[in-house]
Amino acid sequence: MKKKNNKVHLMLFWAGWCSGCTEMKPLFYDEAKKYGIKYDLIDVEDETGVNLSVKYEVRNVPTILVFKGNKLIGRECGNSSYQCIHKYVTKKEQTPKQAK
C-alpha cells in the first residue's frame, strides 16, 4: 500500500522583468526553507514555465500555487502572496525547522 503524500509544496511563478517578483523571491525562499517546505521557482519566460502556466491557468506574476500532496489547495497572486506560506503552513501545525 502506498503512503499518502500530505506534504505542502509551493510553486512560485515569476519573471525577471517583474520588480515585485524579484523582491519576493528571497522572502519566498527564506520562508519555505524556514518551514522545510518543498518548493519550485517557475520562470514564466522559459518553455517549462510557459507550459506550467498554461496547465495551472497562471495569468499574473508573482503567483504562488499551494499543493498538499498532489492536490492544488490554494492560489495567491500579487506582491504580498509570499504571506500565503504562513496561511497554509501554520494551519497545518508545522513548525519552523530547528537550526543545528
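The following exchange goes through a predicted model of a protein chain and asks what supports each label put on it.

Student: How do you know how far to trust this model?

Tutor: The mean pLDDT of the protein chain is 77, and 74% of its residues reach 70 or more. Among the elements, helix H2 (residues 47-55) has the highest mean pLDDT, 88, and helix H3 (residues 84-89) the lowest, 67. Over residues 92-100 the pLDDT is below 50, although this stretch has 14 contacts in the model beyond near neighbours in sequence. Where pLDDT is low, the predicted coordinates should not be read in detail.

Student: What makes up the fold, and in which order?

Tutor: The protein chain has 3 helices and 4 strands. From the N terminus on, they run β-α-β-α-β-β-α. Among contacts between residues at least 6 apart in sequence, 64% join residues at least 24 apart.

Student: How much of the chain is buried, and what does the surface consist of?

Tutor: Buried residues make up 38% of the 100 residues. The chain exposes about 6,800 Å², and carbon and sulfur atoms supply 49% of that area.

Student: Which residues of the largest nonpolar core touch the most other members?

Tutor: The core has 23 residues, and those with the most contacts to other members are Leu10, Met11, Phe13, Tyr56, Ile64 and Leu65. Two or more residues each come from strand E1 (8-14), helix H1 (19-34) and strand E3 (63-68). E1 gives the most, with 6 residues.

Student: How do you know that the length of H1 agrees with its number of residues?

Tutor: H1 has 16 residues, and at 1.5 Å a residue the expected span is 22 Å. The expected span takes one less than the number of residues. The end C-alpha atoms of H1 are 24 Å apart, so the span agrees with the expectation.

Student: Where is H1 kinked?

Tutor: The kink, of about 30 degrees, lies at Lys25, shortly before the proline Pro26.

Student: Which residues of H1 are buried?

Tutor: They are Gly20, Cys21, Met24, Phe28, Glu31 and Ala32. An α-helix has 3.6 residues a turn, so residues three or four places apart point the same way. After H1 comes Gly36, with a positive phi near 65 degrees.

Student: Why is Ser53 called buried?

Tutor: Its relative accessibility is 10%, and buried means under 20%. Ser53 therefore counts as buried. Ser53 sits in helix H2 and, not counting residues up to four places away in sequence, touches Phe13, Val44 and Val58.

Student: Why is Gly16 called partly exposed?

Tutor: Gly16, in the loop between E1 and H1, has 45% relative accessibility. The class covers values between the cut-offs of 20% and 50%, so Gly16 counts as partly exposed. Leaving aside neighbours within four places in sequence, Gly16 is in contact with Thr22 and Glu45. Gly16 and Glu45 are 29 residues apart in sequence, with their C-alpha atoms 8.2 Å apart.

Student: What makes Glu57 exposed, and what is its phi?

Tutor: At 53% relative accessibility, Glu57 counts as exposed, because the cut-off is over 50%. Glu57 lies in the loop between H2 and E3. Its phi is near 55 degrees, a positive value in a residue other than glycine. Most residues other than glycine have a negative phi, and most peptide bonds are trans.

Student: What makes the bond between Val61 and Pro62 a cis peptide bond?

Tutor: The bond that joins Val61 and Pro62 has an omega of about -5 degrees, and it is cis. Pro62, like Glu57, is in the loop between H2 and E3.

Student: Why is Leu72 called partly exposed?

Tutor: Leu72 has 34% relative accessibility. That value lies between the 20% and 50% cut-offs, so Leu72 counts as partly exposed. The residue belongs to strand E4 (residues 71-77). Leaving aside neighbours within four places in sequence, Leu72 is in contact with Leu65, Val66 and Phe67. Leu65 is also one of the core residues that touch the most other members. Leu72 and Val8 are 64 residues apart in sequence and 9.8 Å apart in space, C-alpha to C-alpha.

Note on methods:
Residues numbered from 1 in each chain as written. Predicted model: local features only at pLDDT ≥ 70, side-chain atom pairs only at ≥ 80, totals over all residues. Heavy atoms only, no water. Core = buried A, V, L, I, M, F, W, Y, C linked by side-chain atoms within 4.5 Å. Buried < 20%, exposed > 50% of the residue type's maximum accessible area, 1.4 Å probe, protein only. Bend = angle between axes of the 7 residues up to and from the residue. Contact = heavy atoms within 4.5 Å. Areas by Shrake-Rupley, 256 points an atom, 1.4 Å probe, with all protein chains shown as cover. pLDDT = per-residue confidence, 0-100.
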